[in-house]
Amino acid sequence: MKTKKTKTLPKTTREIDNGGVYKQSVKCGKKNCKCARGEKHVAYYFFTRRNGKLTKTYVRKAELEAFTELVTESKNRKKEYCVERMTDAQLIRNMNRLARERDLFIKAARGIYEGEFEI
Ligand SMILES: [Zn+2]
């Protein structure tokens, strides 16, 4: 599976709800950098689905804390909203779906789908 890169962080809560912030080890591409010798840089990305496609967006250090907070808040809000209105069967289906999505994001975040990439 290919992960599409996007430049702008999501502005709608729907996109935020369906995604998460994950850490990746990356190479910057400079030949003399420590990362070229295996000591990679740490970068944060927001993974989500847009039009059914898995996308990731670089989260700048300056935005990291605030954006992560937004994601957590948004998810908590959604959880409360959903649980109130769901039947048991819906709840179980939803939990299974979330578990599958989470596995997918974790795999992508670990670079299993993409291997190594440069920023
Ligand atoms: Zn580097």
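The exercises below, each with a worked solution, deal with a predicted model of a single chain.

**Exercise 1.** Work out how many helices and strands the chain has, and in which pattern they follow along the sequence.

*Solution.* Begin with the count, which gives three helices and four strands. Then read along the sequence, where these elements follow the pattern β-α-β-β-β-α-α.

**Exercise 2.** Find how far helix α3 reaches from its first C-alpha to its last, and set this beside the expected value.

*Solution.* Helix α3 takes in residues 88–109, that is 22 residues. From its first C-alpha to its last the helix reaches 31 Å, which is close to the 32 Å expected at 1.5 Å a residue.

**Exercise 3.** Determine which residues of α3 are buried, which are exposed, and what covers the buried ones.

*Solution.* The buried residues in α3 are Phe105, Ala108 and Ala109. Because they cover an arc of only 90° around the axis, they lie on the same side of α3. On the other side of α3 there are exposed residues, among them Asp88, Ile92, Asn96 and Asp103. Finally, the cover over the buried residues of α3 includes the strands β2 (20–26), β3 (41–50) and β4 (53–59).

**Exercise 4.** Decide whether Leu54 counts as buried, partly exposed or exposed, and state how far Leu54 is from Thr3 in sequence and in space.

*Solution.* Leu54 lies in strand β4. A residue needs 20 or more C-beta neighbours within 10 Å to be buried; Leu54 has 19 inside 10 Å, and therefore counts as partly exposed. Turning to Thr3, the two residues are 51 residues apart in sequence, while their C-alpha atoms are 5.4 Å apart in space.

Conventions
Residues numbered from 1 in each chain as written. Predicted model: local features only at pLDDT ≥ 70, side-chain atom pairs only at ≥ 80, totals over all residues. Helix = DSSP H or I, 4+ residues; strand = E, 2+ residues; numbered from the N terminus. Expected span 1.5 Å × (residues − 1). Buried ≥ 20, exposed ≤ 12 C-beta atoms within 10 Å, placed from the backbone. Arc of directions from axis to C-beta. Contact = placed C-beta atoms within 7 Å.
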